[in-house]
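Me: I would like a close look at the empty spaces inside this protein, taken slowly and with the surrounding fold kept in view. Please work from the structure shown here.

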Amino acid sequence: MTRDAARSVLRDVGRTVGRSDVALVYGGLVTLGALVMAFLPDETVDAITAHASGNLDNMRARPVESLVLSGLVLPHPSNLVLVVWLVVAVAYTQRWLGRAATVLVGVAGQVVPSLVVGAVLTTGIARGWLSPALAGADDVGVSYVVACVTGVLVARVPRRWRWWYLALLVAVWVLPGVWLRTFTDVGHASALAVGLAVAFVVSRGVEAAATPDGWRPRRAHDRPHGDERHTPRAPDRDDGPGRPGAPDRP
């Protein structure tokens, strides 16, 4: 990449982030919380993290509160590196989908993986495969949302780079689980799957909206001969004096 191209990319990133209120508000809240926690005693940080965690114990006692707080707390300032990725990804998602859809994607990226992890832990503990202590393990941070949103953006990557981008996402969010095998790896894989599913649905919807009848256009030899009045979303019409679709007769 040339210097001019790099500057152009950075300017585009800056403009996109600057216009994204969702990215700025979410990233600002998480960053502010992380900076405040950096000056608190370790015991206080541990207590806040335990209270905000989206683990099984908290999900059973305070499900809504734990789902919200777990996506806002960063227990260590080093995790702020992930916030940069979060802000950029959320900003480009808002640029593509708009504010409301971006919020919904972020909520889905936090809630669905948390529920999947909860179901996996509940099953594993009940069957004796996992330690009961995992019910109270810490599970906080923005990584689920980042995995989901970066998965959504796969639909915006040019086709020639799309498989490389997808391979990068798999390497970051899925492959570590092969050898680490932690419950957060299950959450990351689930979040990425949610994002890819949203990307597929939205991209197909965009393709459909770009065609006159709202459906993917068919090739010429695939089109049926004769009356096509029942094409989806086509208005009803009377093509003749005797019956709909009949040819005009003198």
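Which pattern does the protein chain follow when read along the sequence? With that in hand, please take me through the largest pocket and the largest cavity, and tell me which residues line them.

Reply: This is a predicted model, and what follows should be read with that in mind. Read along the sequence, the protein chain follows the pattern α-α-α-α-α-α-α-α-α-α-α, which agrees with a count of 11 helices and 0 strands. Of the 250 residues in the chain, 34% are buried. Among contacts between residues at least 6 apart in sequence, 67% join residues at least 24 apart. The accessible surface comes to about 15,300 Å², and carbon and sulfur atoms account for 65% of that area.

Turning to the open space, the largest pocket has a volume of about 700 Å³. Its lining is made up of 18 residues, and those that lie nearest the centre of the pocket are D12, Y92, R156, V157 and P158. Three helices each supply at least two residues of this lining, namely α1 (3-18), α6 (80-97) and α9 (159-173), and the largest share, 6 residues, comes from α6. In chemical character the lining of the largest pocket divides into 14 nonpolar residues, 1 polar residue and 3 charged residues.

The enclosed space can be described in the same way. The structure holds 1 cavity of 30 Å³ or more, and the volume of the largest cavity is about 40 Å³. The elements that give two or more residues to the lining of this cavity are α4 (56-61) and α7 (99-126), with α7 giving the most, at 4 residues. Listed in sequence order, the lining consists of G54, N55, L56, M59, S114, V117, G118, L121, L134, A137, D139 and F183. By class, these residues divide into 7 nonpolar, 4 polar and 1 charged. Since Asp counts as charged, the charged member of this lining is D139, while G54 and G118 belong with the polar group because Gly is counted there.

Taken together, the pocket has α6 as the source of the largest share of its lining, whereas for the cavity it is α7 that gives the most.

Notes. Residues are numbered from 1 along each chain as its sequence is written. This is a predicted model: local features need pLDDT of at least 70, side-chain atom pairs count only at pLDDT 80 or more; totals for chains, interfaces and linings use all residues. Side-chain values use heavy atoms; hydrogens and water are left out. On a 1 Å grid over the protein atoms alone, a cavity is a set of points where a 1.4 Å probe fits but cannot get out, and a pocket is an open set with protein on both sides within 12 Å along at least five of seven lines; lining residues have an atom within 4 Å of a point. Grid points are joined across faces, edges and corners, and a volume is the space filled by probe spheres set on the points. Buried means under 20% relative accessible area, exposed over 50%, partly exposed in between (1.4 Å probe, protein chains only). Contact means heavy atoms within 4.5 Å. Accessible areas come from the Shrake-Rupley method with a 1.4 Å probe; for residues, only the protein chains shown count as cover.
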